[in-house]
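The following exercises ask the reader to work through a structure step by step, from the strand order to individual side chains. Please look at the sequence and the model before reading each solution.

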Amino acid sequence: MSDNPPEAGLIDGADFFIGIVASRYNGELVEALLERTVKTLQEHGVRKRNIEVLRVPGANELPYAAHMLAGTGEFDCLIALGVVLAGETTHHEVISYGTAYALHSVGMQSEVPVINGILTVSSLEQAAERITGTYNRGAEFARAALQMAWHKLKLVERLDAIEEKKGDFEDDDDDDDDDDTGFDPKQLFKNN
């Protein structure tokens, strides 16, 4: 993980609705991550009532829950939180790669930004360092969610304006379809 996070903009989150799906697996670690995430959201003005937390058994279940929450149309951004610890097998790699791909897909298909807040670490010490130590990944995930919620709002406004202009153009263009010259373009392609 990088120790050079992007600068956080000053975004007022008062009007944003944020959904958080959090794994119960490695519960104490995820709880600490969740607390820091929620605290940062609230410090940026997100109202407590505008934050919904949904708990799932483990990291593998996060994409499904995120997909279902995105489908409600109620959220400006979603955050998936989990901690995956490396074990004796490569199962942690399967979970990490699979959930990252699935969360990305949820965001692309639903047009609701999804922040991948799943930490994949080799030890409890690494997890603690990223949650309560030098790094505050929960705060980073919250700031990323605020930025993406803001971008979603602005991009939807922009796309709506384009669609409106396109609709106006199509309405104006309806009269141009009538050709009074008697010319039939299909005649150009007929065999002699």
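Two strands count as paired if DSSP finds at least two bridges between them, while helices (H or I, at least four residues) and strands (E, at least two) are DSSP runs numbered from the N terminus. The model is a predicted one, in which local features need pLDDT of at least 70 and side-chain atom pairs count only at pLDDT 80 or more, whereas totals for chains, interfaces and linings use all residues. Residues are numbered from 1 along each chain as its sequence is written, and side-chain values use heavy atoms, with hydrogens and water left out.

**Exercise 1. Establish the order of the elements, and the pairing of strand S3 with S1 and S4.**

Step one is the inventory: the secondary structure comes to 5 helices and 4 strands, and along the sequence these follow the pattern β-α-β-α-β-α-β-α-α.

Step two is the pairing. Strand S1 (residues 18–23) runs parallel to S3 and is joined to S3 by 5 bridges; within this pairing, glycine 19 has leucine 78 of S3 as its bridge partner. Strand S4 (residues 114–121) also runs parallel to S3, with 8 bridges between them, and here glycine 82 is partnered by isoleucine 118 of S4.

Step three follows the connection: from S3 the chain passes through helix H3 (residues 91–110) to S4, in a β-α-β crossover that is right-handed (with the strands pointing away from the viewer, the path from the first strand over the helix to the second runs clockwise).

**Exercise 2. Explain why strand S3 is described as largely enclosed, and characterise leucine 81 within it.**

Burial is read from relative accessible area (buried under 20%, exposed over 50%, partly exposed in between, with a 1.4 Å probe and protein chains only). Of the 9 residues of S3 (residues 77–85), 8 are buried, so the strand is largely enclosed by the rest of the structure. For the protein as a whole, 37% of the 192 residues count as buried.

Leucine 81 is found in S3, and with 0% relative accessibility this leucine counts as buried. If neighbours within four places in sequence are set aside, the contacts of leucine 81 (heavy atoms within 4.5 Å) include Ile20, Val30, Leu33, Thr37, Leu62, Gly117 and Phe141. As for leucine 62, which lies 19 residues away along the chain, its C-alpha atom is separated from that of leucine 81 by 7.8 Å.

**Exercise 3. Identify the nonpolar cores and the elements that contribute to the largest.**

A nonpolar core is a set of buried Ala, Val, Leu, Ile, Met, Phe, Trp, Tyr and Cys residues joined through side-chain atoms within 4.5 Å. The largest core has 28 residues, of which Ile18, Ile20, Leu41, Ile79, Leu81 and Val83 touch the most other members. Two or more residues come from each of S1, helix H1 (27–43), S3, S4, helix H4 (124–131) and helix H5 (137–173), and H1 gives the most, with 7 residues. A second, separate core of 18 residues includes Val21, Leu62, Ile95 and Leu103.

**Exercise 4. Which side of helix H2 is buried, and against what does it pack?**

In H2 (residues 62–71), the buried residues are Leu62, Pro63, Ala65, Ala66, Leu69 and Ala70. They lie on the same side of H2, because they cover an arc of only 160° around the axis (the arc is that of the directions from the helix axis to the C-beta atoms). Tyr64 and Gly71, on the other side of H2, are exposed. The packing partners of the buried residues are S1, strand S2 (51–56), S3, H3 and S4. After H2 comes glycine 73, with a positive phi near 75°.

**Exercise 5. Describe the surroundings of the buried threonines 37 and 99.**

Threonine 37 belongs to H1 and is buried at 0% relative accessibility. A polar atom of its side chain lies 2.8 Å from the backbone oxygen of leucine 33. Beyond residues up to four places away in sequence, threonine 37 touches Ile20, Ile79, Leu81, Gly138 and Ala142.

Threonine 99 belongs to H3 and is buried, with a relative accessible area of 1%. A polar atom of its side chain lies 3.3 Å from the backbone oxygen of serine 96. With neighbours within four places set aside, threonine 99 is in contact with Ala59, Asn60, Pro63 and Ile118.

Methods: A polar contact is a pair of N or O atoms within 3.5 Å; within protein, one must be able to donate a hydrogen and the other to accept it, and residues adjacent in sequence count only if both atoms are side-chain atoms.
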